[in-house]
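This briefing goes through a single protein chain topic by topic, and it is meant to be read with the structure open alongside. Please keep in mind that the model is a predicted one.

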Amino acid sequence: MASHSYPTTPDGRYFLVKNRLWRCSNPALPEAERAAYVKELMQARSAVKNAKSDDDVKDARQRVHAAKVALGERGPVWWDDGAPDVNRHHPKNTSYADWWRGLPQD
C-alpha cells in the first residue's frame, strides 16, 4: 500500500487532498487509543468492501462513521477556540485561502 504525504494546514487541523480540506485526527488522543480506533476503522472499511448484503454494508458504514467520530475526524470538533469546521471545503472558501495559494503547484 502506497504512503502519501499531504499538505497539512499550519494549525494541524486539516490535510489537503484534491483541493479539499479533510479534518485530521485529534492529536490529543493517547497513542494506544488512537491506534485502537485506527485498527477498528481499517477493519470497518474492509467490512464495507466485503459486505454481502445491504444490511452488512449499512452496519459496516456505521462502524466506519463511529471510528471516525472517535478519532475526531467527524462529529464535534476537537479544538476549543470557536473556529468553524471546514471539513470537505475547498480551501479558497476558508480562512486557509492564503495558505492554499502559497502551496507549490503540482
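On one side of helix H2, Asp54, Asp55 and Lys58 are exposed, whereas Ala60, Val64, Ala67, Lys68 and Leu71 of H2 are buried. The buried set covers an arc of only 100° around the axis, which puts these residues on the same side of H2. From there the briefing moves to the hairpin, the charged pairs and the aromatic rings.

**Helix H2 and its surroundings**

- The buried residues of H2 pack against helix H1 (31-50), and the residues exposed on the other side of H2 include Asp54 and Lys58.
- H2 has 18 residues and, at 1.5 Å a residue, should span 26 Å, which agrees with the 26 Å that separate its end C-alpha atoms.
- Just after H2 comes Gly72, whose phi is positive at about 90°.

**The hairpin of S1 and S2**

- Strands S1 (14-17) and S2 (20-23) pair in the antiparallel sense, with four bridges between them, and Val17 stands opposite Arg20 in S2.
- Two residues lie between the strands of this hairpin, and Lys18 takes a positive phi near 50° there.
- Asn19, in the loop between S1 and S2, has a phi near 60°, which is a positive value in a residue other than glycine; with a relative accessibility of 34%, Asn19 counts as partly exposed.
- Along S2 the side chains alternate, with Leu21 and Arg23 buried and pointing to one face, while Arg20 and Trp22 point to the other face and are not buried. This follows the general pattern that in a regular strand the side chains alternate between the two faces of the sheet.

**A positive phi in the loop between H2 and H3**

- Arg88 also has a positive phi in a residue other than glycine, here near 70°, and is found in the loop between helix H2 (54-71) and helix H3 (97-101).
- The relative accessible area of Arg88 is 44%, so this residue counts as partly exposed.

**Salt bridges**

- The count of salt bridges comes to seven, and side chains of opposite charge can pair in this way when their charged atoms come close.
- One of them joins the side chains of Arg13 and Asp81, at 2.6 Å from N to O. This pair links distant parts of the chain, since Arg13 is in the segment before S1 and Asp81 is in the loop between H2 and H3, 68 residues apart.
- The two partners differ in their surroundings: Arg13 is buried, with a relative accessible area of 11%, whereas Asp81 counts as exposed at 51% relative accessibility.
- Arg13 and Asp81 also belong, together with Asp11, to a network of salt bridges.
- Within helix H1, Arg34 forms a salt bridge with Glu31, with the closest N and O atoms 2.8 Å apart. These two residues are three residues apart, about one turn of the helix, and Arg34 is partly exposed with a relative accessible area of 29%.
- A further salt bridge is formed by Glu40 and Arg63, whose closest N and O atoms are 2.8 Å apart. Because Glu40 lies in helix H1 and Arg63 in helix H2, the pair ties together parts that are 23 residues apart in sequence.
- Both partners are partly exposed, Glu40 with a relative accessible area of 25% and Arg63 with 33%.

**Aromatic pairs and the cluster around Tyr14**

- The structure holds five aromatic pairs, and among them is the edge-to-face pair of Tyr14 and Trp79, at 5.8 Å centre to centre and with 65° between the planes.
- Tyr14 lies in strand S1 and Trp79 in the loop between H2 and H3, so this pair ties together parts that are 65 residues apart in sequence; both residues are buried.
- The rings of Tyr14 and Tyr96 have centres 5.6 Å apart and planes at 70°, so this pair is edge-to-face as well. Tyr96 is in the loop between H2 and H3, and its pairing with Tyr14 in strand S1 links parts of the chain 82 residues apart, with both residues buried.
- Tyr14, Trp78, Trp79, Tyr96 and Trp99 form one aromatic cluster.

Conventions. Residues numbered from 1 in each chain as written. Predicted model: local features only at pLDDT ≥ 70, side-chain atom pairs only at ≥ 80, totals over all residues. Heavy atoms only, no water. Buried < 20%, exposed > 50% of the residue type's maximum accessible area, 1.4 Å probe, protein only. Pairing = 2+ DSSP bridges. Expected span 1.5 Å × (residues − 1). Arc of directions from axis to C-beta. Contact = heavy atoms within 4.5 Å. Salt bridge = Lys/Arg side-chain N within 4 Å of Asp/Glu carboxyl O. Phe/Tyr/Trp six-rings, centres within 6.5 Å; stacked < 30°, edge-to-face > 60°.
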